[in-house]
Amino acid sequence: MWIPMLSLTALPHVGGIFGGLITRKEVKTWYTRLNKPSWRPPNAAFPVAWTTLYTGMGYGSYLVWKELGGFTQDALLPLGLYGMQLALNWAWTPIFFGAHNIKLAMIEIVMLTGTVAATMVSWYPISRTATLLMVPYLAWLCLATSLNYCIWRDNPDPKKDY
């Protein structure tokens, strides 16, 4: 059981590593020129937070997978929602930092937050522990959504009228 546990716990970090490659360059250039709220976390907090959150959600997915006997018919909805939120999570960084599309990133992060909430609802009857492991992630997403909104609001782009 070590291989599935380690694999499912590590899986979210894959997208985080690729996202980090995009963010690393842009946080020193484009991101510094944006108007940001005074309450935003320091840049150094983000890698620490995401490492913790990715580990928690990954281990939570393992608990659900284990409880449902693997990738079974019963696992389709809870792990499908999890996979969807993971894909949305991984997509946000290229949209925001890569394409510099703050408005689209705002729409995307709202969809992500809703999908995380739906994932948690689907996990609760299966594993309360797995659901609780997602609580810090949902809280962080609420902060990130607020931050994304403030950056979008405070940095109008007259060339992009979507």
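**Exercise 1. Work out whether Thr-55 is buried, partly exposed or exposed, and find what Thr-55 touches.**

Step 1. Start with accessibility: Thr-55 comes out at 33% relative accessibility, so it counts as partly exposed. (Buried is under 20% relative accessible area, exposed is over 50%, and partly exposed lies in between, with a 1.4 Å probe and protein chains only.) Keep in mind that this is a predicted model, where local features need pLDDT of at least 70 and side-chain atom pairs count only at pLDDT 80 or more, while totals for chains, interfaces and linings use all residues. Residues are numbered from 1 along each chain as its sequence is written, and side-chain values use heavy atoms, leaving out hydrogens and water.

Step 2. Place the residue: Thr-55 sits in helix α2, residues 45-67. (Helices, H or I with at least four residues, and strands, E with at least two, are DSSP runs numbered from the N terminus.)

Step 3. Look for partners. Leaving aside residues up to four places away in sequence, Thr-55 touches Thr-9 and His-13; contact here means heavy atoms within 4.5 Å. With His-13, the link is a side chain to side chain polar contact at 2.9 Å. (That is a pair of N or O atoms within 3.5 Å; within protein, one must be able to donate a hydrogen and the other to accept it, and residues adjacent in sequence count only if both atoms are side-chain atoms.)

Step 4. Check the backbone: the C-alpha atoms of Thr-55 and Leu-11 are 8.8 Å apart, with their positions 44 residues apart along the chain.

**Exercise 2. Find out why Cys-150 is in no bond with Cys-142.**

Step 1. Search the whole structure for disulfides (cysteine sulfur pairs within 2.5 Å): the count is zero.

Step 2. Get the distance. The closest cysteine sulfur to that of Cys-150 belongs to Cys-142, and because the gap is 14 Å, it is too far for a bond.

Step 3. Compare the surroundings: Cys-150 is buried at 9% relative accessibility, whereas Cys-142 is partly exposed at 43%.

**Exercise 3. Describe the largest nonpolar core and say which helix supplies its largest share.**

Step 1. Count it: this core has 41 residues, and Tyr-31, Phe-96 and Tyr-137 have the most contacts inside it. (A nonpolar core is a set of buried Ala, Val, Leu, Ile, Met, Phe, Trp, Tyr and Cys residues joined through side-chain atoms within 4.5 Å.)

Step 2. Trace the contributors: α1 (2-26), α2, α3 (76-98), α4 (102-123) and α5 (128-154) each give at least two residues. The largest share, nine residues, is from α2.
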